[in-house]
Amino acid sequence: MQASSPDPSEQADDLFAYAVLLRTLNRELNRSASDFAHAHGLHATDVHALAAIMDLSAGPDGPATPSRLREELRLTSGAVTACLDRLERSGQVSRVRDSADRRVVHLVYNPEARALARRYFGPLARATESARGRFDGEQLTTIATFLRTLNAALAAGHAAGHETRDARS
């Protein structure tokens, strides 16, 4: 049973209302990821790694690498290696050496595994598209801008916190 969330139209300027909505969204997304992990014999970290590999590979810096994955997930090198070993054994990812520099390893989300995830997360995609359909283009632009701005601010805060922790070490 889901807790009712404040109606943001009634509390558009209330930071707490946004916090509740964001936490609720986070719980729902984590629940989906956890269910996928359980259904496919993966760890929760493995599902986060798959999403990171997909997102990093679609970004401007090209394919994901173990070091970029380590930075993204904030794991130790050993933990990333263990995660990638599990993902490779389960057929989710492949490690592919760069043709120009054999020292560089790219992480490839295997097409069959990607198709499996696409089928599993189909209801999430449909719910997202249904929700998007309730807004016009200008509203969607505002929502996307809000999410990008929030993500950037959170990332900057995490980076600053990480630097502060490193300085104290």
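In this predicted model, Phe36 counts as buried, with a relative accessibility of 1%. Four aromatic pairs are counted in total, and in one of them the rings of Phe36 and Tyr120 have their centres 5.1 Å apart and their planes at 70°, so that the pair is edge-to-face. Because Phe36 lies in helix α1 and Tyr120 in helix α5 (residues 111–120), this pair ties together parts that are 84 residues apart in sequence. Tyr120 itself is partly exposed, at a relative accessible area of 31%, and its ring also pairs with that of Phe121, the centres being 5.3 Å apart and the planes at 75°, which is again an edge-to-face arrangement. Phe121 is likewise partly exposed, with a relative accessible area of 21%, and ring pairs link Phe36, Tyr120 and Phe121 into a cluster.

At the surface, a nonpolar patch of about 850 Å² is made by Leu15, Tyr18, Leu22, Leu25, Leu29, Leu124, Phe135, Ile143, Phe146 and Leu147. The elements that give two or more residues to this patch are α1 (15–39) and α7 (137–168), and α1 gives the most, with five residues. Leu124, another member of the patch, lies in helix α6 (residues 122–132) and is partly exposed, having a relative accessible area of 34%.

A buried acidic residue is found in helix α2 (residues 44–58), namely Asp46, whose relative accessibility is 0%. The side chain of Asp46 reaches the backbone nitrogen of His43 at 2.9 Å, and, when residues up to four places away in sequence are not counted, Asp46 touches Cys83, Arg86 and Leu87.

Notes
Residues numbered from 1 in each chain as written. Predicted model: local features only at pLDDT ≥ 70, side-chain atom pairs only at ≥ 80, totals over all residues. Heavy atoms only, no water. Helix = DSSP H or I, 4+ residues; strand = E, 2+ residues; numbered from the N terminus. Buried < 20%, exposed > 50% of the residue type's maximum accessible area, 1.4 Å probe, protein only. Polar contact = N/O pair within 3.5 Å; in protein donor to acceptor, adjacent residues only side chain to side chain. Contact = heavy atoms within 4.5 Å. Patch = residues over 30% accessible without salt bridge, like charges linked within 9 Å, V, L, I, M, F, W, Y side chains within 5 Å. Areas by Shrake-Rupley, 256 points an atom, 1.4 Å probe, with all protein chains shown as cover. Salt bridge = Lys/Arg side-chain N within 4 Å of Asp/Glu carboxyl O. Phe/Tyr/Trp six-rings, centres within 6.5 Å; stacked < 30°, edge-to-face > 60°.
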